[in-house]
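This report describes selected features of one protein model with its ligands. The sequence and structure come first.

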Amino acid sequence: MAAIRNEIPLDVENTAMGSQLEALNQWVMDVARLTQPDRIQWCDGSDTEFEELVQQMEADGTLLPLNSETHPRSWLHRSHPDDVARVEHLTFVCTTDREDAGPNNHWMAPADARAKMDALFEGCMRGRTMYVIPYCMGPIDSPLSRCGVEITDSPYVVANMRIMTRMGAAALARIEREGSFVRGLHSIGELDPDRRFIMHFPEELTIQSYGSGYGGNALLGKKCHALRIASHQARNEGWLAEHMLILGVENPKGETHYIAAAFPSACGKTNLAMLIPPEGYRNAGWKVWTVGDDICWMRPGPDGRLYAINPEAGFFGVAPGTSEKSNPNALATIQHDTIFTNVGVTADNQPWWEGLDNRVPSIDWRGNAYDFNAGPAAHPNARFTVSARQCPSWSPKAEDAQGVPISAIVFGGRRASLVPLVFEARDWTHGVLVGAAMGSETTAAATGAVGVMRRDPMAMKPFCGYNFADYFSHWLSFDKPGAKLPKVFHVNWFRKGDDGKFLWPGFGENLRVLEWMIGRVEGKAAAQETPIGALPRAEDIHLDGVALSDEARSVLFGFDRAGWQAEFDSLAGFLDEFGERLPGALKEEHGRIAAELRT
Ligand code: SAT
Ligand code: MN
């Protein structure tokens, strides 16, 4: 222990130390005893601290500076080639009772998990610096926000957490005031896939992550805290922690409706959140405002509506596919002060990825000379980390302590067949079933096969920190007297035609679908009732200027009864996995629609 130089800024060293900071200090000391770092650095979130970290990472090659004329203060980080995505098979929820984690999670008994992790963490920070990162998820003065402290031995994690959260002195002050915080312990360890675990102890508000330096495995404020642990807190405290973007749609009259939308990872949440209206809409005065691109915390306000905040302060977005066409706002956002992970670079050292433009890169994400036949220049899950404030469409309401009122909740996934462009749930209970029934083809955001259809309720399969059956009950519980709940919709931007091509143009044109939803919320837009919900006919949506084939029209706005019967049969099997714990109301809703489909 003599080797540890404890650099505690702020009041912690003084007698004014609050009891919560004492508890924090004690935990930090316990972790230091276990992990044996050479030094401890308490992060204050300042510019100076960031500059020093960057200098050190430039010196040791962790960060490679990019072209400073085209991309000032931007860097490339190459992760270990075996450490490029979330590892769901190594992610555990460790509740006392296995049933509390549910069939949707990998489970380990807390004592076993602790023993396993203690053995991994023992002495793992020798020769390294241990960083203590106090952070706040959500606007620093919002009652909806929650704090945490991440301890890590990765300066790359510190730099990313500084962008993704409100990190440093203000968060520490809130922790002292509030008393409770989520404890996250992280070490990159040896970056050995066989010595890698992401453990959650929701009952203790604790996270332990070892052996990965990548994204959701390592930036513990994100999926581990803001979804897995927060979903558990939210259930106890009467709110919702969801894998949703939040956007505001402003109409030409200057009225703004906020929409929260759940899609699995790498299904276009960032693109939708930063949508630029098609030209005709732009000229008429429509605007889209970005509040968040990945996570949404919502709770009922005094007027009975759901109010939402984005707990994050930055975007950890998928780079491949991001272009002037798909997402001009994202591209504008990442022109400076951005950390790129696992992208390729051009001969003049600009970041490059598939889908950006037609230049030919010179070096791939592993650092090898680019060879078209050797695979993509950027890893399919390559990412950018950037402050949300740099986004041209960043909403002035995004920092609002009270959050924004939600008019509509949207569920969606990648479905090549069956599922139409959009439909509206009949009521809240039906909406919960629509969310629970979500399915999507898997993407590169997690390791494993890509393109396999799996059930991903509310896009929370990898992120719900407790039994899905209880989660569905929690969702249903919001429907109570006085509640003014949002309307619930389902969308599918990914429907394919017989030729295997997407039928809907997507991107900015998706505003047409959002406009129809708002029309439904305001009681102005028409639809046709079907057993699965209210579907717009092609004439109910403004499609002027969109070239759609007859096939596209009939499929995107069509209802395939036989196909839906089969879907509901398969859904019954999925719901049965939750046994007796599944809320009866959901089972009844399923039965009601299944019966309607048969008549
Ligand atoms: O790596 S992350 O979990 O942060 C990204 C994602 O899967 O959405
Ligand atoms: Mn996500």
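The text below covers the metal site, ligand 1, the nonpolar cores and several individual residues in this predicted model.

**The manganese site**

Which protein atoms are donors of the manganese ion (ligand 2)? They are NZ of K223, NE2 of H243 and an OD atom of D294, lying 2.0 to 2.2 Å from the ion. Along the sequence, these donor residues follow the spacing K-x19-H-x50-D. K223 belongs to helix α8 (residues 221-237), while D294 sits in the loop between β16 (287-292) and β17 (296-300), so the pair ties together parts that are 71 residues apart in sequence. K223 has a relative accessibility of 5% and therefore counts as buried. D294, with a relative accessible area of 8%, is buried too.

**Ligand 1**

The residues around ligand 1 are R86, G215, G216, K222, K223, S265, F316, R383 and A445. K223 thus appears in this list and among the donors of the manganese ion. The table gives polar contacts between side chains and oxygen atoms of ligand 1.

| Residue | Atom of ligand 1 | Distance |
|---|---|---|
| R86 (side-chain N or O) | oxygen | 2.8 Å |
| K223 (polar side-chain atom) | oxygen | 3.0 Å |
| S265 (side-chain N or O) | oxygen | 2.9 Å |

On its own, ligand 1 has 260 Å² of accessible area, and the protein covers 98% of that.

A266 follows in the loop between β15 (256-262) and α9 (269-273). Its phi is near 60 degrees, a positive value in a residue other than glycine. At 25% relative accessibility, A266 counts as partly exposed.

**Nonpolar cores**

The largest nonpolar core has 110 residues, and F411 and W475 touch the most other members. Helix α5 (residues 155-164) gives the most to this core, with seven residues. Apart from it lies another core, made up of 41 residues that include L503, L511, A525 and V555.

Leaving out residues up to four places away in sequence, W475 touches L240, E242, M244, I409, F411, W428, V432 and M458. Two of these partners, W428 and V432, are also listed among the buried residues of helix α12.

**Helix α12**

Is helix α12 largely enclosed or open? Nine of the nine residues of this helix (residues 428-436) are buried, so the rest of the structure largely encloses it. By name they are W428, T429, H430, G431, V432, L433, V434, G435 and A436. The N-terminal end of α12 is capped by D427, which places a side-chain oxygen 3.3 Å from the backbone nitrogen of T429.

**Polar residues that are buried**

T290 is part of strand β16. Its relative accessibility is 0%, so T290 counts as buried. The T290 side chain reaches the backbone oxygen of A273 at 2.7 Å. Not counting residues up to four places away in sequence, T290 touches I246, A273, M274, F315, C391, S393, W394, S395 and A398.

N327 is found in the loop between β19 (314-318) and α11 (328-333). With a relative accessibility of 1%, N327 counts as buried. Beyond residues up to four places away in sequence, N327 touches T270, N271, M274 and T322. M274 is therefore a contact of N327 as well as one of the contacts of T290, where contact means heavy atoms within 4.5 Å.

N342 occupies the loop between β20 (338-341) and β21 (344-345). Although N342 is not a glycine, its phi is positive, at about 65 degrees. Its relative accessibility of 0% places N342 among buried residues.

D540 lies in the loop between β30 (533-535) and α15 (550-556). Is D540 buried or exposed? It counts as buried, at 17% relative accessibility, because the cut-off for buried is under 20% relative accessible area. D540 touches W516, A526 and A527, again not counting residues up to four places away in sequence. The C-alpha atoms of D540 and G519 are separated by 9.9 Å, and the two residues are 21 residues apart along the chain.

Technical notes. Residues numbered from 1 in each chain as written. Chains lettered and ligands numbered in written order. Predicted model: local features only at pLDDT ≥ 70, side-chain atom pairs only at ≥ 80, totals over all residues. Heavy atoms only, no water. Core = buried A, V, L, I, M, F, W, Y, C linked by side-chain atoms within 4.5 Å. Buried < 20%, exposed > 50% of the residue type's maximum accessible area, 1.4 Å probe, protein only. Helix = DSSP H or I, 4+ residues; strand = E, 2+ residues; numbered from the N terminus. Near = heavy atom within 4 Å. Polar contact = N/O pair within 3.5 Å; in protein donor to acceptor, adjacent residues only side chain to side chain. Areas by Shrake-Rupley, 256 points an atom, 1.4 Å probe, with all protein chains shown as cover. Donors = N, O, S within 2.8 Å, 3.2 Å for Na, K, Ca; no water.
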